[in-house]
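Here are two short exercises to work through at your own pace. Have a look at the model first, then try each task before reading its solution.

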Amino acid sequence: MADPQGFLKTRERELPARRPVPVRIKDWREVYEEQELGQLQRQAGRCMDCGIPFCHSGCPLGNLIPEWNDLAWRGDWRQAIERLHATNNFPEFTGRLCPAPCETACVLGINQPAVTIKQVEVTTIEKAFADGGVAPKPPERLSGKTVAVVGSGPAGLAAAQQLTRAGHTVAVYERADRPGGLLRYGIPEFKMEKSVLDRRLQQMQAEGTRFRNSVDVGVDVTWEQLRARYDAVVIAMGATVARDLPVDGREGDGVHQAMDYLPAANRVAIGESVDGQIHAQDKDVIVIGGGDTGADCIGTAHRQGARSVTSLEIMPQPGEERADAHPWPTYPMIYRVASAHEEGGERLYAVSTQEVQRDESGAVTGLRLHEVVRGESGFESVEGSERVLPAQLVLLAMGFLGPQTESLVTQLGVELDERSNVKRGQDYMSSVPGVFVAGDAGRGQSLIVWAIAEGRAAAHHVDAWLSGEPSRLPRPVNPTDRPLMV
Ligand SMILES: Cc1cc2nc3c(=O)[nH]c(=O)nc-3n(C[C@H](O)[C@H](O)[C@H](O)COP(=O)(O)OP(=O)(O)OC[C@H]3O[C@@H](n4cnc5c(N)ncnc54)[C@H](O)[C@@H]3O)c2cc1C
Ligand code: SF4
């Protein structure tokens, strides 16, 4: 244990400052400033090295948190990154983007603010990159087996890195022009700069992973061809079918899915030009949906110079403290203020859209909505609460229904589960032998940490299947595991 009295001596939880709002909304750079190292180490020293570390159970990756908290506190950064990489291929992604269920499960969180686990994580990996401690780890010998990974989001990348290191020859197929999945074209620069992703992709390339970009599997090459060409296939194609808004006027000019809006903004942020970009400048913007995707639309619209930004959420506003229904150590629904919310705009809760209003040319002019309460038969409207909000741009961020499976089903005959995700067994294999599935494609819309955990787990099973022996790769989670319900 680091400092037996650390949590008594350092009672405050301290995180790095966010850059001032008026400054940061003028650029696309990451929001957080660097934390002074001594302060971070004192924070790591608050960890109590619990006999039963609930942070472990909160983390889908089973990260060895007390171990690297201790090493960070001591300043043994070389050992700290080894322990961190032992369970997580990409701590620089989770250290920036994870909602940190480990922290809401932290034992210290029962009567003090939790240990700043995520910040220790991101500092450890950033120090490792800066000190040259993240070298490529190519395999010592090749197995002679080949694997195609379809989709280059965190699930595909984790599976590919594990399988390449195990000696298999891995090609990652991606329909976009560059790899990264939602890390590249969904999540904005201000949450994670793309140089962070590119740095890791360079390591993967140096290890031998091959990337085949701009190939839409099912169209440019069929799933059957891929299955015939490779010894195993991993489906890591995400859950990209977006939920729509079934109201009058939806087809109006100016109503867009978030994922039709964010990718172009991300391209422009890194200096590319995009024809016909959907842009928020000088517009009243309404974002429907209050999750991560909605917050990313809010932050992007502010940086583009929107006149006003309002976000709508059908659920009531959660409280600031844990409700009885979400006791420690589960992940609670509480009122959270992401950096994007801090930058302005209004958040409306318990409201539902009835109609998109348009002018004669079909352009959107506003949304008609009403307040709702939960009744016995679902949400019921509150009489007399109807109103119209002006809007020239409406962004739909209401979640995703599952993967785009048409060609998978017709060409390969994979079975789907009752939620339209690709069905898989405990060994991550789909109904087609040798075809595995990881991440949102099998799990449904989820989190980066889950995608990495599943990519690693699927790689374990692919390796065992290819070699006919127990795999030497770690097996972090079963598809049915749900550590503390995130
Ligand atoms: C806007 C947004 C913000 C988010 N923010 C966060 C956050 O802050 N923290 C967090 O934990 N989670 C966040 N999430 C969720 C998280 O990004 C996903 O859970 C995660 O990326 C899923 O990883 P994946 O590898 O399964 O799929 P994805 O990242 O979706 O990658 C799938 C890839 O497969 C490719 N593909 C699909 N079909 C084919 C095909 N036929 N041929 C070739 N390639 C194909 C796609 O182009 C895509 O690149 C966010 C999601 C969105 C939409
Ligand atoms: S639960 Fe919190 S205090 Fe306990 S070991 Fe994990 S991070 Fe440290």
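**Exercise 1: Two domains face to face**

Between them, domain 1 and domain 3 bury about 1400 Å², with 61% of it on carbon and sulfur atoms. Keep in mind that this is a predicted model.

Task: Describe how domain 1 meets domain 3, and find which three residues of domain 1 supply the most buried area.

Solution:
1. Start with the bounds: domain 1 covers 6-130, domain 2 covers 146-240 + 401-481, and domain 3 covers 244-398.
2. Next, take the centres over C-alpha atoms: those of domain 1 and domain 3 are 31 Å apart.
3. Now look at the contact, where 15 residues of domain 1 touch 17 residues of domain 3.
4. Finally, Ile 25, Trp 28 and Thr 104 supply 44% of the area that domain 1 buries against domain 3, more than any other three residues.

**Exercise 2: A pair of helices**

Task: Work out how helix α10 is oriented relative to helix α12, and which residues make the contact.

Solution:
1. Locate the helices: α10 spans residues 154-165 and α12 spans residues 194-207.
2. Their axes come within 10 Å and cross at roughly 30°.
3. Angles under 35 degrees count as roughly parallel, so α10 is roughly parallel to α12.
4. As for handedness, α10 passes α12 in a left-handed crossing.
5. On the α10 side, the contact is made by Leu 157, Ala 160, Gln 161, Thr 164 and Arg 165. From α12 come Leu 197, Leu 201, Gln 203, Met 204 and Glu 207.
6. Sort these contact residues by type, and you get five nonpolar, three polar and two charged.

Conventions
Residues numbered from 1 in each chain as written. Chains lettered and ligands numbered in written order. Predicted model: local features only at pLDDT ≥ 70, side-chain atom pairs only at ≥ 80, totals over all residues. Heavy atoms only, no water. Axes fitted to C-alpha atoms, helices over the stretch in contact; angles between N-to-C directions. Helix = DSSP H or I, 4+ residues; strand = E, 2+ residues; numbered from the N terminus. Parallel < 35°, antiparallel > 145°, perpendicular 65-115°, else oblique. Left-handed = near helix turned anticlockwise from the far one by under 90°. Contact = heavy atoms within 4.5 Å. Nonpolar A, V, L, I, M, F, W, Y, C, P; charged D, E, K, R; others polar. Domains from an automatic or database assignment. Buried area = accessible area lost by both parts, 1.4 Å probe.
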